Amino acid sequence: MEQRDIEIFLAVAEELHFGRAAERLRVSTARVSQTIKKVERLIGTPLFERTTRRVRLTAVGEQLHAGLRPAYDLTRQVIAEAVAAGRDTESVLRVGMLPSNSYDLRPYWEAFRSRHPRWRLQIRHNPFIDAFAALRGGEIDALVAWLPVEEPDLTVGPVLFAEPRVILASPDHQLARRGGPVSMEVLGDFPVLDGRLDGHRNIPAYWEDSLTPFYTPKGRTVERSVSPVATLEDIFTLVGTGQAVQPLTAHAARFHARPDIAYLPVSDPSLVRWGLVWRSAAESAAVRALARVVRDLGPLS
């Protein structure tokens, strides 16, 4: 079995749905079906019982999944650690950005480059869907993410900045016509966007709740739209066409000024904190050096 065969088998075994497994791995459903047939031919027996209504593992499939999952996770960890060691040798530190304001964070980048000229610093965009996958897969070394992050394999480092929320609405939406500032309580009156694709949650529920709460301050349920959201552009399109409103953080108004989006300041006093996060098992000297720079400079005002 090749690595991709194993990944596809594990995805189907855990999703119990060929379409969701394909979405998770970003491949076609046909590719998933072909791979499962190939693996079943290799094993010599069916691994799944498939009907028009459900998919479930056979006894052999359960045995294969129980054996492959820990072995696959260990293999990925060993490879990621080797990659991290190699990156130290290559003197590159790669930082993923969930927020759009890398320009504002120049004091950190400049201080790091000044103090540690032997390390080359690369800043790149990181999607908020499956936001921690790049860390876990060894594609980046550290991530700037909103807090809290409560993942057992990730270390949360120092805070870089904190900022208030804004609520996005189309300019002709009744909320925008009222003007701001507004309270988060208004989310009980209008649907917001959902952190799921095809019913599969792509970001941890607690993490989504910390930015886009499931309940208003007074305890009312915040209705989720059924429209799928995978990118920031999806948010702008759906909000700009009046299908939902959406909380984001204040820097979005500066870096994404658009004629189809009104940014309404939120009156609630709580701030969203953004911090440096990295995979504990892949912590490197360069990551520790960047964390020291952030601690020394302190959070941006």
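# Reading pockets, cores and odd backbone angles

Biologist: Which helices and strands each supply at least two residues of the lining of the second largest pocket?

Modeller: Those are β4 (120-125), α8, α9, β10 and α10. Of these, α8 covers 205-211, α9 232-240, β10 246-249 and α10 251-255. Helices here are DSSP runs of H or I with at least four residues, strands are E runs of at least two, and both are numbered from the N terminus. Bear in mind that this is a predicted model: local features need pLDDT of at least 70, side-chain atom pairs count only at pLDDT 80 or more, and totals for chains, interfaces and linings use all residues. Residues are numbered from 1 along each chain as its sequence is written, and side-chain values use heavy atoms, with hydrogens and water left out.

Biologist: How do I read a pocket, and what is the volume of the second largest pocket?

Modeller: The general idea is that rolling a probe the size of a water molecule over the atoms shows where empty space is left. On a 1 Å grid over the protein atoms alone, a pocket is an open set of points where a 1.4 Å probe fits, with protein on both sides within 12 Å along at least five of seven lines; lining residues have an atom within 4 Å of a point. Points are joined across faces, edges and corners, and the volume is the space filled by probe spheres set on them. For the second largest pocket that comes to about 580 Å³. Its lining has 32 residues, and Phe-128, Trp-146, Leu-232, Ile-235 and Leu-248 lie nearest the centre. The largest share, 4 residues, comes from β10.

Biologist: And how much space lies in the largest pocket?

Modeller: About 1,400 Å³. There, 43 residues form the lining, and Tyr-72, Arg-76, Ala-133, Arg-136 and Gly-137 are the closest to the centre. Helix α4 gives the largest share, with 11 residues. Among the elements with at least two lining residues are α1 (3-15), α2 (18-25) and α4 (59-90).

Biologist: What residue classes line the two pockets?

Modeller: Count Ala, Val, Leu, Ile, Met, Phe, Trp, Tyr, Cys and Pro as nonpolar, Asp, Glu, Lys and Arg as charged, and the others, Gly among them, as polar. The largest pocket then has 19 nonpolar, 9 polar and 15 charged residues. For the second largest pocket the split is 18 nonpolar, 11 polar and 3 charged.

Biologist: Now the interior: which residues touch the most other members of the largest nonpolar core?

Modeller: In soluble globular proteins, nonpolar side chains tend to be buried together. A core here is a set of buried Ala, Val, Leu, Ile, Met, Phe, Trp, Tyr and Cys residues joined through side-chain atoms within 4.5 Å. Buried means under 20% relative accessible area, exposed over 50%, and partly exposed in between (1.4 Å probe, protein chains only). In the largest core, with 56 residues, Trp-109, Leu-168 and Trp-207 touch the most other members. Helix α11 (residues 285-297) gives the most to this core, with 7 residues. A second, separate core has 22 residues, including Phe-9, Ala-13, Val-27 and Leu-68.

Biologist: What is Trp-207 in contact with?

Modeller: Contact means heavy atoms within 4.5 Å. Leaving aside neighbours within four places in sequence, the partners of Trp-207 are Leu-98, Phe-128, Ala-131, Phe-132, Ala-145, Trp-146, Pro-148 and Val-149.

Biologist: Pro-148 catches my eye. Is the peptide bond from Leu-147 to Pro-148 cis or trans?

Modeller: Most residues other than glycine have a negative phi, and most peptide bonds are trans. The bond from Leu-147 to Pro-148 is cis, with omega near 10°. Pro-148 lies in the loop between β5 (142-146) and β6 (154-163).

Biologist: Which residue in the loop between α1 and α2 has a positive phi?

Modeller: That is Leu-16, in the loop between α1 and α2, with phi near 55°. Leu-16 counts as partly exposed because its relative accessibility is 34%. Asp-130, in the loop between β4 and α6, also has a positive phi, near 50°, and at 28% is partly exposed.

Biologist: Last one: is Ser-170 buried or exposed?

Modeller: Ser-170 is buried, because its relative accessible area is 2%. This residue sits in the loop between β7 (165-169) and α7 (174-178). Its side chain makes a polar contact with the side chain of Asp-172 (2.9 Å); such a contact is a pair of N or O atoms within 3.5 Å, where, within protein, one must be able to donate a hydrogen and the other to accept it, and residues adjacent in sequence count only if both atoms are side-chain atoms.
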